[in-house]
Amino acid sequence: MLTGTIKFYNDSKGFGFIIDDQSQSDIFVHATGLVDKIAQNDKVSFDLKEGKKGPNAINVKKV
């Protein structure tokens with residue numbers, strides 16, 4: 001499991017980005033990958049899955 005911080009999440013559009021703690025890179029997160037409801041600046045743990053346009057966060061949970 002990786003950890004990071006929610007950089008941005010648009011609830012109405014159902015997507016956003018996580019800043020990965022290790023690499024400091026932006027990871028795309030879609031509503032289908034959420035376990036918990038998230039908001040900007042939440043600390044989260046997540047797994048990665050390769051998507052069409054790069055890595056996607058899945059199993060996203062607040063920590």
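Let me start with the first two strands: β1 and β2 run antiparallel, and six bridges join them. One of the facing pairs puts Gly4 opposite Asp20 in β2. I should say now that this is a predicted model. Between β1 and β2 there are four residues, and the two strands form a hairpin. In that turn, Gly14 has a positive phi of about 80°.

Staying with β2, the next partner is β3. Strand β2 covers residues 15-20 and strand β3 covers residues 26-30. Five bridges pair them, again in the antiparallel sense. For the register, Phe15 stands opposite His30 in β3, and Ile19 stands opposite Asp26 in β3. These two strands also form a hairpin, here with five residues between them. The residue with positive phi in this turn is Gln24, at about 60°.

Which residues of β2 are on the covered face, and which on the uncovered one? Gly16, Ile18 and Asp20 are on the covered face. Phe15, Phe17 and Ile19 are on the uncovered face. In a regular strand, side chains point alternately to one face of the sheet and the other.

Now the whole sheet. The five strands make a closed barrel in the order β1-β2-β3-β5-β4, and the pairing is mixed. Ignoring direction, neighbouring strands of this sheet are turned by 50° against each other on average.

As for the overall content, the protein has five strands and zero helices. Its radius of gyration is 10 Å, close to the 11 Å that the globule rule gives for 63 residues, so the protein is as compact as a globular protein of that length. The C-alpha trace spans about 25 × 25 × 15 Å along its principal axes. Among contacts with a separation of 6 or more, 42% are between residues 24 or more positions apart.

There is one annotation to mention. The UniProt record, an unreviewed entry, gives "domain: CSD" for residues 1-62. Over residues 1-62 the chain is 61% strand and 0% helix. The C-alpha atoms at the two ends of that stretch are 12 Å apart.

Next, the interior. Of the 63 residues, 32% count as buried. What makes up the largest nonpolar core? It has 10 residues in all: Ile6, Tyr9, Ile18, Ile27, Val29, Ile38, Val44, Phe46, Ala57 and Val60. At least two residues of this core come from each of β1, β3, β4 and β5. For reference, β1 is residues 2-10 and β5 is residues 54-62.

Ala57 is a useful core residue to look at on screen. Leaving out residues up to four places away in sequence, Ala57 touches Ile18, Ile27, Phe28, Val29, Gly33, Phe46, Asp47 and Leu48. Several names on that list, including Ile18, Ile27, Val29 and Phe46, are also members of the core.

The last residue is Ser45, in strand β4, residues 43-51. Is Ser45 buried or exposed? Its relative accessible area is 9%, and the cut-off for buried is under 20%, so Ser45 is buried. Beyond its neighbours within four places in sequence, Ser45 is in contact with Met1, Leu2, Thr3, Asn59, Val60, Lys61 and Val63.

To close, the main point to keep is the closed barrel of five strands, with a nonpolar core of 10 residues.

How values were computed: Residues numbered from 1 in each chain as written. Predicted model: local features only at pLDDT ≥ 70, side-chain atom pairs only at ≥ 80, totals over all residues. Heavy atoms only, no water. Buried < 20%, exposed > 50% of the residue type's maximum accessible area, 1.4 Å probe, protein only. Contact = heavy atoms within 4.5 Å. Pairing = 2+ DSSP bridges. Axes fitted to C-alpha atoms, helices over the stretch in contact; angles between N-to-C directions. UniProt positions renumbered as here; feature names shortened; annotations may be inferred. Core = buried A, V, L, I, M, F, W, Y, C linked by side-chain atoms within 4.5 Å. Rg over C-alpha atoms; globule rule 2.2 N^0.38 Å.
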